[in-house]
Amino acid sequence: LVAAATEMGDEIRRRFSRPVARTHANGLSAILRFDAPRRIDHLVTMEGVAEGQKIARYRIEARVDGGWKTIVEGQTVGHKRIDRVAPIDVTALRFVCTEALERTVNIRSFAAYDTRGPGLFHKAGQR
């Protein structure tokens, strides 16, 4: 049981140790831009929660072929929200808080990841 938990922790660290890009913002949105299309399959958003959670609803949009496309819609972020998306090549990503408990929120981190590669989940056929 301990070995399995250790292996799972190692796989999570492997997948999420090197983001394609990361930013932060104080406001209702955050944008990541790329010089060329980049493949992503996970997005990790972290809210600054020192004064409580503020984000009630959000969406994440991807810039694909010159236009914005919604790829995630969710509720609350809290300490950390991991959204898995179908692999997609993007030139930009935009986090938009669509409903908040206050006018400004602290987006402590908004990061995109390409997690492909060998690993526990890949071996098990779960990718």
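The following exchange concerns the helix, the strand pairing and the nonpolar cores of a predicted model.

Me: Which residues of helix α1 are buried?
Reply: Helix α1 covers residues 2–16 and reaches 21 Å from its first C-alpha to its last. The face turned away from its buried side carries the exposed residues Val2, Ala3 and Arg13. Its buried residues are Gly9, Glu11, Arg15 and Phe16.

Me: Why do the buried residues of α1 line one face of the helix?
Reply: The residues concerned are Gly9, Glu11, Arg15 and Phe16. They line one face because, seen down the axis of α1, they fall within an arc of 160°.

Me: How many bridges join strand β2 to strand β5?
Reply: Strand β2 (residues 29–47) and strand β5 (residues 81–100) run antiparallel. Arginine 38, for instance, has valine 90 in β5 as its bridge partner. The bridges joining β2 to β5 number 12.

Me: Which residue in β6 stands opposite valine 44?
Reply: Strand β6 (residues 105–113) pairs with β2 in the antiparallel sense, over six bridges. Opposite valine 44 stands alanine 111.

Me: Which strand gives the most to the largest nonpolar core?
Reply: This core has 24 residues, and those with the most contacts inside it include Leu93, Phe95 and Phe110. At least two of its residues come from each of β1, β2, β3, β5 and β6. With six residues, the strand that gives the most is β5.

Me: How many residues has the other core, which lies apart from the largest one?
Reply: Among the members of this other core are Phe16, Met46, Ala111 and Tyr113. Of these, Phe16 is also one of the buried residues of α1. The number of residues in this core is five.

Key
Residues are numbered from 1 along each chain as its sequence is written. This is a predicted model: local features need pLDDT of at least 70, side-chain atom pairs count only at pLDDT 80 or more; totals for chains, interfaces and linings use all residues. Side-chain values use heavy atoms; hydrogens and water are left out. Helices (H or I, at least four residues) and strands (E, at least two) are DSSP runs, numbered from the N terminus. The expected span of a helix is 1.5 Å times one less than its number of residues. Buried means under 20% relative accessible area, exposed over 50%, partly exposed in between (1.4 Å probe, protein chains only). The arc is that of the directions from the helix axis to the C-beta atoms. Two strands pair if DSSP finds at least two bridges between them. A nonpolar core is a set of buried Ala, Val, Leu, Ile, Met, Phe, Trp, Tyr and Cys residues joined through side-chain atoms within 4.5 Å.
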